[in-house]
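User: Please take a close look at one part of this chain, the place where two neighbouring helices pack together. I am new to this structure, so a plain account would help.

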Amino acid sequence: MEKWSRFNIASVALGFGFLYLPIVLLVIFSFNESKLVTVWAGFSTKWYSQLWHNQGLLDAAWVTIRVGLLSATCATVLGTLAALALVRYSRFRGRVLFSGMVYAPLVMPEVITGLSLLLLFVAIGLDRGFWTITLAHITFTMCFVAVVVQSRLLSFDQSIEEAALDLGATPVRTFFAITLPVIAPAVFSGWVLAFTLSLDDLVISSFTTGPGATTLPMKIYSQVRLGVTPEINAICTILIGIVALGVVVASIVTKRREVQREKDERAAVAAIG
């Protein structure tokens with residue numbers, strides 16, 4: 001095994017420090033006693049208690065959670081169906097166009113995506129608000145789910161599905177009894193990714209929002225322009241905790257399902273042998 005040089009170690013340390021040190025400082029100063037976010041005056045949790053009395057931030061957080069849950073769920077369903085179409089039906093008319101439309105939000109600048117969706121909603125006369133933000137989030141998170149699920153389907157052993165069909169199972173039953181349990185870790189990972197992206201989005205939400213539909217990133221951005229307060233540090237720390245918890249849970253679920261799948265495969269091979 002090749003040993004790392006001091007230069008490599010220093011480069012990695014500086015890179016991770018540049019990425020994560022600001023987050024660590026934000027979490028630390030969320031427990032600061034002082035109102036000055038850059039001056040440490042002792043440990044305190046009062047800003048978390050005051051956060052629960054900030055109705056503006058609470059309303060924005062509730063809107064963000066509702067949009068995230070709904071958009072992530074819809075994006076997971078549509079993204080999984082899109083991945084199935086791209087993997088299982090490799091030859092159908094318009095496949096190239098369909099593939100391009102699915103993957104376009106991955107490379108499209110968010111400003112262009114948000115502006116185009118705004119023009120669409122205005123053209124069809126749809127009032128901007130909660131549902132326009134939700135539709136916008138479904139549009140740009142669906143492609144991420146499709147990529148994650150498609151990568152799992154490419155390594156999927158289709159002989160298992162063929163065996164189920166030969167035994168008389170319908171295609172729908174085969175999907176829910178065979179395919180979905182196998183690709184469930186990828187589907188769940190796609191849902192977590194979609195929820196995280198929706199939770200974090202600012203640009204597209206700014207274009208598609210309306211009265212009474214202010215998301216938490218938009219609320220935080222509007223307050224930060226007037227100065228960072230300890231309450232913002234507190235709410236950001238809570239968001240970091242939620243995202244970190246989701247990543248950990250997704251990793252544990254994926255690992256356990258992979259271990260169970262390997263056990264089932266070994267048991268099946270042993271039974272055949």
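Analyst: What follows starts with the annotated domain, turns to one helix pair, and ends with a loop residue. The model is a predicted one.

The UniProt record, an unreviewed entry, places the feature "domain: ABC transmembrane type-1" at residues 61–253. Over that stretch the chain is 81% helix and 0% strand. The C-alpha atoms at its two ends are 26 Å apart.

The pair in question is α7, residues 159–166, and α8, residues 171–200. Two packed helices are described by the angle between their axes and the distance between the axes. For α7 and α8 the angle is about 135°, and the axes are 10 Å apart. The arrangement is therefore oblique, since an angle has to be over 145 degrees to count as roughly antiparallel. The crossing of the two helices is right-handed.

On the α7 side, the contact is made by I160, E161, A164 and L165. On the α8 side, P171, T174, I178 and T179 take part. Sorted by class, the contact of α7 with α8 holds 5 nonpolar, 2 polar and 1 charged residues.

Further along the chain, G212 sits in the loop that runs between α9 (203–208) and α10 (216–224). G212 counts as exposed because its relative accessibility is 72%, and the cut-off for exposed is over 50%. From T80, G212 is 132 residues away in sequence, and the two C-alpha atoms are 32 Å apart in space.

Key: Residues are numbered from 1 along each chain as its sequence is written. This is a predicted model: local features need pLDDT of at least 70, side-chain atom pairs count only at pLDDT 80 or more; totals for chains, interfaces and linings use all residues. Side-chain values use heavy atoms; hydrogens and water are left out. UniProt positions are given in the numbering used here, feature names are shortened, and annotations may be inferred rather than shown by experiment. Helices (H or I, at least four residues) and strands (E, at least two) are DSSP runs, numbered from the N terminus. Axes are lines fitted to C-alpha atoms, for helices over the stretch in contact, and angles run from 0 to 180 degrees between N-to-C directions. Angles under 35 degrees count as roughly parallel, over 145 as roughly antiparallel, 65 to 115 as roughly perpendicular and the rest as oblique. A crossing is left-handed if the near helix is turned anticlockwise from the far one by less than a right angle, and right-handed if clockwise. Contact means heavy atoms within 4.5 Å. Ala, Val, Leu, Ile, Met, Phe, Trp, Tyr, Cys and Pro count as nonpolar, Asp, Glu, Lys and Arg as charged, and the others, Gly among them, as polar. Buried means under 20% relative accessible area, exposed over 50%, partly exposed in between (1.4 Å probe, protein chains only).
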